[in-house]
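Subject: Structure for your review

Dear colleague,

Please find below the structure that I agreed to pass on to you. My notes on it follow directly after the display.

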Amino acid sequence: MDSPRFLRRLLLPLAPLLTLAALSTALAPAPGPAPAPVPARTSVPAGAAAPASTAPAAVTFSDDFDGPAGAAVDAAKWQTETGDNVNNHERQYYTAGNRNAALDGRGNLVITARRENPGNYQCWYGRCEYTSARLNTAGRFTTTYGRVEARMKIPRGQGMWPAFWMLGNDIGQVGWPASGEIDIMENVGFEPSTVHGTLHGPGYSGSGGIGAGHTLPNGQAFADAFHTFAVDWSPGLITWSVDGTVYQRRTPADLGGRQWVFDKPFFLILNLAVGGYWPGDPDGSTVLPQQLLVDHVRVTTGGGQTGGPITGIGGKCVDVAGAGTANGTPVQLYDCNGTAAQNWTVGSDGTIRALGKCLDVASGGTADGTRVQLWDCNGTPAQQWAVPGARDIVNPQANKCLDAAGGGSANGTGLQIWTCTGAANQKWTVTR
């Protein structure tokens, strides 16, 4: 059942600005289809590459939730939503103030779900049975691209539904799901060992969202310890990870021709829901109160271009063969030597450049084993690369990783694209 997260009553100070007419979330996410191949293209010469700047990666949003026990969150960073949620048939009422969202004095935000109704709150089903909290950064902070992460310890129990997610900042103008939604982490209490990451957009919303789950080994529960949940987000690519382990990548090719709506500003949301279509309601096994502990929330973006070596397997450097500048010059591994042939700039435009030209997938290919080369920068998808925190270098058009052929590390080992496996020959250290 398609059931967006929608607060029937919203008392937000910026509601006239945002309207927030369709705040949403997924039901059970389903994996999307495999990427479809993209027709090849021939590299076309273009103008010379722009000179690199040296702007470093930057933390653009950070909250470590330091402060005295019982204090409210920083109102300059977060606003608190109030109301219930009829569309998902959630059972909680989100309250104002710091009763259900407060600092613990030990560097954590604590969002608490309780079985209570001290304010005689009314919900879609009658007198509310539970209270909880939901916070967002709408009107305070938005981001387009970057690494978005939170270190959290989630609650446990039937009916618990913690989430860390983002909505397109244009939701007040275009509505949901056209705004887009990126679910960084959701957990439903009946799956204590599994979290989900999901995309929602036009034609793939609610239970039709595109996503996947990540399960801890050996029956471990996410409620037992803190874990870091993150997305690395760049043009045409979003990568999900838990504690640095990538478990899902999505590109426009996964949407089957439907619209990719994730190249624009989004704001952040933290909440703990109780009950609803997906998690089901609490039952006799559910112990309340339950708490979502958040150690930090952080957004890091690469401010501009960066320059320096890119090192890979065996400590070897990504190298332009013979320091050649002709179109089609192979790119390889070689002993690091500090020459211009090994000095790469990673641009905010998605390019990776050396010697005034771009790292390019030959003929725009998407097949495993397609070699990479140097070519005049021309703005095509064959020259777009994402560099997520997991140390992959990914071509979103192919949804494949930069790879040292055959797992080799000898001088002259050619570089290619290959299905991402997480192997050592696909891991790179990029100068930042």
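A nonpolar core, as the term is used here, is a set of buried Ala, Val, Leu, Ile, Met, Phe, Trp, Tyr and Cys residues joined through side-chain atoms within 4.5 Å. Please bear in mind throughout that the model is predicted.

By that definition, the largest nonpolar core comprises 50 residues, and I182, F262 and V297 have the most contacts inside it. The strand that gives the most to this core is β18 (residues 266–274), with 5 residues. Another core, of 25 residues, lies apart from it and includes V318, L333, W344 and L415. To return to V297, its contacts beyond the neighbours within four places in sequence are F61, S62, D63, F65, W78, E149, A150, F164, L268 and L270.

I turn next to the charged pairs. Side chains of opposite charge can pair when their charged atoms come close. The structure holds 18 salt bridges, and three of the pairs are described here.

The first to describe is that of E116 with R99, whose closest N and O atoms are 2.6 Å apart. E116 sits in the loop between β5 (109–115) and β6 (122–123), while R99 sits in the loop between β3 (92–94) and β4 (101–103), so that 17 residues separate them. Are the two partners buried or exposed? E116 is buried, with a relative accessible area of 16%, whereas R99 is partly exposed, at 46%.

A further salt bridge is formed by D392 and R249, with the closest N and O atoms 2.0 Å apart. Because D392 lies in the loop between β27 (372–375) and β28 (394–395) and R249 in strand β17 (residues 245–250), the pair ties together parts that are 143 residues apart in sequence. Both D392 and R249 are buried.

The side chains of K357 and D376 also meet in a salt bridge, at 3.3 Å from N to O. K357 belongs to strand β26 (residues 357–361) and D376 to the loop between β27 and β28, so this pair ties together parts that are 19 residues apart in sequence. K357 counts as buried because its relative accessibility is 15%, under the 20% limit. D376 likewise counts as buried, at 15% relative accessibility. In addition, salt bridges that share partners join D64, R147, E149, D232 and R298 into one network.

Strand β28 also takes part in a sheet. The sheet is open and is formed by 3 strands in the order β28-β29-β30, with antiparallel pairing. Its edge strands are β28 and β30 (415–418), each of which pairs on one side only. Strand β28 is joined to strand β29 (residues 400–404) by 2 bridges, and these two strands run antiparallel. The bridge partner of V394 in β29 is C401.

Finally, I would draw your attention to Q426, which lies in the loop between β30 and β31 (429–430). Is Q426 buried or exposed? Q426 is buried, with a relative accessible area of 1%. Leaving out residues up to four places away in sequence, Q426 touches R391, D392, C401, L402, D403, W418, T419, C420 and T421. One of these, D392, is 34 residues from Q426 in sequence, yet the two are 6.2 Å apart in space, C-alpha to C-alpha. D392 is also the residue that forms the salt bridge with R249 described above.

Yours sincerely,

A colleague

How values were computed
Residues are numbered from 1 along each chain as its sequence is written. This is a predicted model: local features need pLDDT of at least 70, side-chain atom pairs count only at pLDDT 80 or more; totals for chains, interfaces and linings use all residues. Side-chain values use heavy atoms; hydrogens and water are left out. Buried means under 20% relative accessible area, exposed over 50%, partly exposed in between (1.4 Å probe, protein chains only). Helices (H or I, at least four residues) and strands (E, at least two) are DSSP runs, numbered from the N terminus. Contact means heavy atoms within 4.5 Å. A salt bridge is a side-chain nitrogen of Lys or Arg within 4 Å of a carboxyl oxygen of Asp or Glu. Two strands pair if DSSP finds at least two bridges between them.
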